[in-house]
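Welcome! Let's take a friendly walk through this model together, one part at a time.

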Amino acid sequence: MAQDDHSGAELAAADSSHAANVPAVKTGTALIQADAFENPGFPPHRPRVTDEDPKKERRAQRTVYTLFYLSILGSVWAIAAYMLFPIESNDVGAVRLNNMFIGLGATLALLGIGFGAVHWAKALMEDVELADERHKIGGNEVARAGAVKVFQDADRESGFTRRSVIRNSLIGALVVFPLPAIVLFRGWAPQDEHPVELLSHTMWQKGTRLALDPSGAPIKAADVTIGSAFHVIPEGLNDLEHGRLEQKAKAAVLLMRLNPEDLNENVNRTSWSYNGIVAYSKICTHVGCPVALYEQHTHHLLCPCHQSQFDVADHCKVIFGPAKRPLPQLPIAVDDEGYLIAQSDFTEPVGPSFWERH
Ligand code: FES
C-alpha cells in the first residue's frame, strides 16, 4: 500500500491485491488505485455445440470451406462478367448489366471470405476467455519467446496448420480475390494505342471551327464581345459516334475576349489570338478538373477543385494554387466566313503536368 500525496487516495501496487483469479502480472513500480469492488472474474465457461458434438463440428467445418469456395466462385464470376457483359458505348442497359454482375461477383467474393472467417472463429477455433494484461513493449528473450508462444498457441487453437482444407481454401480465396481488380484496371487502359500518345493529341487541327459547348454551333468572332467567355468544343465533336466524352475531356477550351491592350502577349504568340480573343485549354494542369470560373475584371481563371488561378492576360500563367504550369493556349484565327478556327492542335499536352514529362 502507498499513499498518494496529492489526493490522499489509497494506492496499491498492481500485483499485490488484485483479484485472486486474475493471473499475477509484473508491473514494475507502477501503482494503481485500489479497486473499490472485488474483481468478479470471468463467468463460467459454456462450451459450444461444436465443442461437444463431432458431427456439428464437421458441419461447421464444411460450412467454412464452402464459404471460402463460394468466394473463389464470386471472384471468377466477376472476371467472367467483365467479359460476358461488356460496356457498349451509349448503351445504359449494358453499363447496368456490367456493373450489376461484376458487383454481384465481388460481393460474393468478399462476403464469402468475411463470413467464412467469422464462422471459423466462432464455431471452430478454441474458445477460451483470457485477460490480456498490459506489459512493457519488450525486446528481451523472455518476451520474444512469449511472442513466439502466442503464435504457436494461435496456430494450435485456430487449427490453421491442422485444418488444412480450410486453410488452403482461405488462401485460395485470398489469392483469387484481387484478380477481378487487375482485370478491371487493365480494361481502363487503351487496348491498341499508346496511352501517352493518346493524351498528347486532341481533336483540334488546322481549320477546325470553335463551337459552343454543348450545342456545337460554330462561333463567329464578331459575336464575341469584350469581357465575354465561352465554353468551347471542336466543331464535329457532337457527331462522333464513339469516344465523344474522351475527346471532349482533352479538347475542351475556354474562349475569352479582352481589350487587346490588356493582353501581355509573348512576341512569339501574337499571331495566336485574334483582336483580343484568346483560347486556352479548360483542363486544369493540376489534376485535370475543368477550369470553369472566369473573373472578368481581373482576367483570372479559377479552378474550383483546389483553387489554382491563372492569369489570362499573361498566357494563363499560374498566379496561385497547386498547378505547376500555365494552361496550354490554342492558336486561333478567323476563316473566310468570319468563324473562329484553330490554327493547329495544342502545341503541348493538356491536363496535369505529369503528361509533359514523357
Ligand atoms: S485540379 Fe485545378 S487546382 Fe487542382
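Which residues of E7 point one way, and which the other way? Keep in mind as you look that this is a predicted model. Ile 277, Ala 279 and Ser 281 point one way from E7, while Val 278 and Tyr 280 point the other way. Whichever way they point, all of these residues are buried. A residue is called buried here when 20 or more other C-beta atoms lie within 10 Å of its own. Strand E7 spans residues 277–281, and 5 of its 5 residues meet that description, so the strand is largely enclosed by the rest of the structure.

Now let's see what E7 belongs to. It is part of an open sheet of 4 strands, in the order E4-E5-E6-E7, with antiparallel pairing. Strands E4 (210–212) and E7 are the edges, each pairing on one side only. From one strand to the next, the twist averages 45 degrees.

Strands of a sheet pair through backbone hydrogen bonds, either parallel or antiparallel. At one edge, strand E6 (residues 253–257) runs antiparallel to E7, and 5 bridges join the two. Within this pairing, Leu 255 has Ala 279 of E7 as its bridge partner. At the other edge, E4 and strand E5 (residues 229–234) pair in the antiparallel sense over 3 bridges. There, Ala 211 stands opposite Ile 233 in E5.

Finally, turn to another part of the chain. The unreviewed UniProt entry annotates residues 64–85, 97–118 and 170–189 as "transmembrane region". In the model, residues 64–85 are 95% helix and 0% strand, with end C-alpha atoms 31 Å apart. Residues 170–189 are 85% helix and 0% strand, and their end C-alpha atoms are 31 Å apart.

Note on methods
Residues numbered from 1 in each chain as written. Predicted model: local features only at pLDDT ≥ 70, side-chain atom pairs only at ≥ 80, totals over all residues. Buried ≥ 20, exposed ≤ 12 C-beta atoms within 10 Å, placed from the backbone. Pairing = 2+ DSSP bridges. UniProt positions renumbered as here; feature names shortened; annotations may be inferred. Axes fitted to C-alpha atoms, helices over the stretch in contact; angles between N-to-C directions.
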